[in-house]
Amino acid sequence: MVEIDGCFTQEGAKDENGKWMLPDGSPTFHVCKKNGTLVTDWYTYNGFRRYHAECHVCHGPNGLGSTYAPALADSLKTIPYGEFLAIVASGRTRDEAGTKFVMPAFGDNPNVMCFIDDLYLYLKARAEGALPAGQLGGRNRDPKPQQARDAEDECFK
């Protein structure tokens with residue numbers, strides 16, 4: 001993670017019409033401190049919203065985990081973007097000391113898959129320490145880009 005003028009993102013990130021991207025084509029977060037307040041890009045903020053709508057019941061508030069689901073704020077320190085997509089889409093089963101932990105597949109759920117990049121961004125920002133635990137206010141974000149509106153409309157057709 002790098003800090004430039006009070007904004008945090010991953011090294012090499014570039015703004016592409018409101019969506020921050022890495023040179024390898026994977027999305028990344030952009031979080032800024034403005035007048036003592038954290039302000040995120042639209043996609044990271046939307047990931048926060050979608051996480052709390054779909055994921056927090058198992059993975060806990062702020063991605064900190066629970067007794068039966070891992071802390072995604074820790075997992076995304078080492079899980080690359082492509083692996084995250086595969087786990088969410090196809091699910092995962094792991095066996096620890098004879099106890100099976102099952103992550104269901106969400107590949108057919110448009111409320112998850114239409115916003116999978118946004119979920120990743122929120123969790124990656126938490127994993128990198130750019131976004132502390134807590135709520136993001138609706139005013140603490142960049143405006144929703146037209147590109148995001150168009151992608152959402154296309155996904156829910």
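**Entry 1: strands first**

Before I count anything, I note that two strands pair if DSSP finds at least two bridges between them. I also remind myself that this is a predicted model.

With that rule in hand, I looked up β3 and strand β4 (residues 19–21), and found three bridges joining them in an antiparallel run. One place to see this is K14, which stands opposite M21 in β4.

Next I asked myself: in what order do the three strands of this open sheet come? I read the order as β3-β4-β5, and the pairing is antiparallel. β3 (14–16) and β5 (27–28) are at the edges with a single partner strand each, so each has one side without a neighbour in the sheet.

**Entry 2: the four-stranded sheet**

I moved on to another open sheet, this one of four strands, ordered β1-β2-β6-β7 and paired antiparallel. Here β1 (2–4) and β7 are the edge strands; each has a single partner strand, so one side of each lacks a neighbour in the sheet. I also checked the twist, which averages 25 degrees from one strand to the next.

Then I went through some pairs in this sheet. β1 and strand β2 (residues 7–9) are antiparallel and share three bridges. I found E3 there, with F8 in β2 as its bridge partner.

Strand β6 (residues 31–34) and strand β7 (residues 37–40) also pair in the antiparallel sense, over four bridges. K33 stands opposite L38 in β7. How many residues lie between β6 and β7 in their hairpin? I got two, and N35 in the turn has a positive phi of about 55 degrees.

A general reminder for myself while I look at strands: side chains in a regular strand alternate between the two faces of the sheet.

**Entry 3: another hairpin**

I wanted one more hairpin, so I looked at β8 and β9. These strands run antiparallel and are joined by five bridges. I picked out two of the facing pairs: E96 has T99 in β9 as its bridge partner, and D95 stands opposite K100 in β9. The hairpin has two residues between the strands, and A97 takes a positive phi near 55 degrees.

**Entry 4: two helices that cross**

Time for helices. Two packed helices are described by the angle between their axes and the distance between the axes.

My pair was helix α1 (residues 42–54) and helix α6 (residues 116–128), which pack at an angle of about 95 degrees with their axes 7 Å apart. Angles of 65 to 115 degrees count as roughly perpendicular, so α1 is roughly perpendicular to α6.

Which residues of the two helices make the contact? On the α1 side I listed Y43, T44, N46, G47, F48, R50, Y51 and H52. On the α6 side I listed D118, L119, L121, Y122, L123 and A125. Sorted by class, this contact of α1 with α6 has eight nonpolar, four polar and two charged residues.

**Entry 5: pockets**

Last stop, empty space. Rolling a probe the size of a water molecule over the atoms shows where such space is left.

The largest pocket has a volume of about 480 Å³. It is lined by 25 residues, and the closest to its centre are H59, P70, L72, I87 and M103. I wrote down the elements that give two or more residues to this lining: α2 (56–59), α3 (72–75), α4 (81–90), β8 (92–96), β9 (99–103) and α6. By class, the lining of the largest pocket has 20 nonpolar, two polar and three charged residues.

The second largest pocket has a volume of about 180 Å³. Of its 16 lining residues, Y43, C114, F115, D118 and A151 are the closest to its centre. I recognised Y43 and D118 from my list for the contact of α1 with α6.

Which element gives the largest share of the lining of the second largest pocket? That turned out to be α7, with five residues. α1, α6 and α7 (146–155) each supply at least two. By class, the lining of the second largest pocket has nine nonpolar, two polar and five charged residues.

Methods
Residues are numbered from 1 along each chain as its sequence is written. This is a predicted model: local features need pLDDT of at least 70, side-chain atom pairs count only at pLDDT 80 or more; totals for chains, interfaces and linings use all residues. Side-chain values use heavy atoms; hydrogens and water are left out. Axes are lines fitted to C-alpha atoms, for helices over the stretch in contact, and angles run from 0 to 180 degrees between N-to-C directions. Angles under 35 degrees count as roughly parallel, over 145 as roughly antiparallel, 65 to 115 as roughly perpendicular and the rest as oblique. Contact means heavy atoms within 4.5 Å. Ala, Val, Leu, Ile, Met, Phe, Trp, Tyr, Cys and Pro count as nonpolar, Asp, Glu, Lys and Arg as charged, and the others, Gly among them, as polar. On a 1 Å grid over the protein atoms alone, a cavity is a set of points where a 1.4 Å probe fits but cannot get out, and a pocket is an open set with protein on both sides within 12 Å along at least five of seven lines; lining residues have an atom within 4 Å of a point. Grid points are joined across faces, edges and corners, and a volume is the space filled by probe spheres set on the points.
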